[in-house]
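Before reading on, please look over the sequence and the model together. The paragraphs below go through them step by step, beginning with a term that will be needed along the way.

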Amino acid sequence: MEFKFLNSLEKVFIDSDLSGKECNEFSCLKNEPFNFQLAYRTKTKLRSVPVCMRVTTDLDLNLYTVGYVPVLGSNNTTFTEQYQAGLFPDILNPKKLNTEIVDVKSPWAKYYVEANESNHIKIHSSWQSLWFCINENGKCLKPGKYEITVEFFTRFKGEPIDKVSATVNIIDAKLPPQKLMYTNWFHCDCLCDTYKVEMFSDKFFKIFENYVKTAAKNGMNMILTPCFTPPLDTGIGLERKKAQLVKITKQNNGYLFDFSLLKKFIDICRKAGIKYFEHSHLYTQWGAEHCPNIYGTVNGKEKLLFGWKTDACDKKYVKFLRQYLTEFNKFVESEKLTGKVLIHISDEPLEKHIPAYTKAKEQIRDLLDGYMLGDALSHYALYESGLVEMPIVSNDKIGDFIGRCDKFWCYYTGLQQGAVSNRLINNSSERNRMLCIQMYYNNINGFLHWGYNYYYDIMSNGLFDPRINPQGYGVLPGTSYFVYPSDDGTALQSIRQKVFFEGINDMRALSLVEKLYGKDFTLKLIEKHYGKVDFSTQAENPEKLLALRDEINKLIKNKTKGE
């Protein structure tokens, strides 16, 4: 058989040419999650070899087999022929470590398996890979050099076949806390429809907690919070499944608000590691011309209070919204969330929407002090007009804002073409990770993507399983989701998710270099490898990006002693 340790940026296709790609020495900081791979195949095409395996190491280690998804095509024409269609490695299927190897008592021959493990390995003539994640939960490890040894055994005789080793050097320094605010929009209705559970039921919250924990351990520190059903990806006049955390009762003199379910949602998120919360949009997407669907109890019966038929500036809605925000402000203060909530007015307004957006915002602006106020937009003229205080700009338009805006975020939808980075499945991993170098260099405060677990097609039509239909949304593989559903209610992580978090940790490492050597030095360090960096700067290849990170690690190691 043939084995090769590889860095995390190498996508192992079944027909990859891995000549000269092997690397079995790695380094990371002592509180840094770190990934690498072991590619494997047989040297003969005659048969497949079922194997058992054992891993020996003193490191905190999680192990995954890399699963492939069938990409049949893409509406993003940016990529090379290799990245247009095929079987793409992306799903990380958890594998238990070092369970007992037992004889299954087959009646025709001895046959050994790893006990209580359903994720068995069979080595074929096609390349496959194992994914190793060191220190996945970001604890503080003891510095030093560690060996990881992987041994394989035949299932037919239980005898050793081969053994390979790699070393990881844990540097005696810590990454500083993450500064980047980072959100992938969470879609509660998709979770309900995928797992056939009732919205906000006990079963829902159990699955929800699994998904949020997975998000938080990969750097996501903000979550879309459906105080009202988010008016996103909803056809005009149509509805998505009701997802409303705030309970409302209409009374003669106004409204009564119950925030207990919202508090439960927030408590689960905080326990998982989420620090910031995005209030669902107060007006409809693309223009702020109407109201989100808001339900309440009237005379003991639930009914739709506001929706598509209600104008954004309707006096009844303005009165409702002002009363709601007054009470919500009290809730935020009581929960010690002041300064940690992002308020959205409307998503992706265009220039023609300036009058409607401005009017909708101004009727409640006096109640929004202390909040981050931001919306996705793509044109500098909208920011210049004062429309949005904290613009969240698509990465193919963000060049217009660099140097002209003090506080802004980056986003992308997957539709952006050309040289800009994105995180589609049929995108190289280094191009994904490079996005974080671009954000550090250009002082970006936050990153937003619209899909963490969106398993619907365009305008919330239909439901697809991304494990077998990865381009289910708009033929853009992976644009609407970052994790895969599993049968047991856990979120299956993706290579794309892990690689982007590596980029966030690059930003943290650069912040440490900045603290040790200064900002100018740090920018020149990046320029040494890539020149002046904008959002069209290409990573070029894994080796070039990793060479930058290696130099970062050496600089940190030379100037820190256990800091």
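In what follows, contact means heavy atoms within 4.5 Å. With that in mind, and remembering throughout that this is a predicted model, one can begin where a helix meets a sheet: helix α10 lies across strands β2 and β12, running at about 55° to β2.

The sheet to which these strands belong is an open one of five strands, in the order β2-β12-β11-β4-β9, and its pairing is mixed. At its edges stand β2 and β9, the latter covering residues 121-123, and each of these two pairs on one side only. From one strand to the next the twist averages 35°. As general background, strands of a sheet pair through backbone hydrogen bonds, either parallel or antiparallel.

Starting from the β2 edge, strand β2 (residues 25-29) and strand β12 (residues 160-171) are paired in the parallel sense over five bridges, and one residue of β2, E25, has T167 as its bridge partner in β12. Strand β12 is also joined to strand β11 (residues 144-154), this time through 10 bridges and with the two strands running antiparallel; here V150 has V164 of β12 as its bridge partner. The two strands β11 and β12 form a hairpin with five residues between them, and in its turn G158 has a positive phi of about 70°. Towards the other edge, strand β4 (residues 49-56) pairs with β9 in the antiparallel sense over three bridges, with V51 meeting its bridge partner I121 in β9.

One residue of β11 that repays a closer look is G144. Is it buried or exposed, or something in between? G144 counts as partly exposed because its relative accessible area is 24%, a value between the limits of 20% and 50%. Leaving aside neighbours within four places in sequence, G144 is in contact with V168, N169 and I170. G144 and K30 lie 114 residues apart in sequence, yet their C-alpha atoms are 9.1 Å apart in space.

A contrasting case is K95, which is found in strand β6 (residues 86-95). K95 is buried, since its relative accessible area is 6% and the limit for that class is under 20%. Not counting residues up to four places away in sequence, K95 touches M53, L63, Y64, T65, E114, E117, N119, H120 and I121.

Turning back to helix α10 (residues 542-559), one finds that it also packs against helix α7 (residues 429-441), at an angle of about 35° and with the two axes 10 Å apart. In this packing α7 passes α10 in a left-handed crossing. On the α7 side the contact is made by E430, R433, M434 and I437, and on the α10 side by P542, L545, L546, L548 and R549. Sorted by class, the contact has six nonpolar residues, three charged ones and no polar ones.

Finally, which residues have the most contacts inside the largest nonpolar core? That core has 155 residues, and those with the most contacts inside it are F208, F320, Y324, F328 and M439. Its largest share, 11 residues, comes from helix α8 (residues 495-517). Apart from this core lies another, of 28 residues, among them L59, L63, V150 and V168. Two of these have appeared above: V150 as the bridge partner of V164, and V168 as a contact of G144.

Key: Residues are numbered from 1 along each chain as its sequence is written. This is a predicted model: local features need pLDDT of at least 70, side-chain atom pairs count only at pLDDT 80 or more; totals for chains, interfaces and linings use all residues. Side-chain values use heavy atoms; hydrogens and water are left out. Two strands pair if DSSP finds at least two bridges between them. Helices (H or I, at least four residues) and strands (E, at least two) are DSSP runs, numbered from the N terminus. A nonpolar core is a set of buried Ala, Val, Leu, Ile, Met, Phe, Trp, Tyr and Cys residues joined through side-chain atoms within 4.5 Å. Buried means under 20% relative accessible area, exposed over 50%, partly exposed in between (1.4 Å probe, protein chains only). Axes are lines fitted to C-alpha atoms, for helices over the stretch in contact, and angles run from 0 to 180 degrees between N-to-C directions. A crossing is left-handed if the near helix is turned anticlockwise from the far one by less than a right angle, and right-handed if clockwise. Ala, Val, Leu, Ile, Met, Phe, Trp, Tyr, Cys and Pro count as nonpolar, Asp, Glu, Lys and Arg as charged, and the others, Gly among them, as polar.
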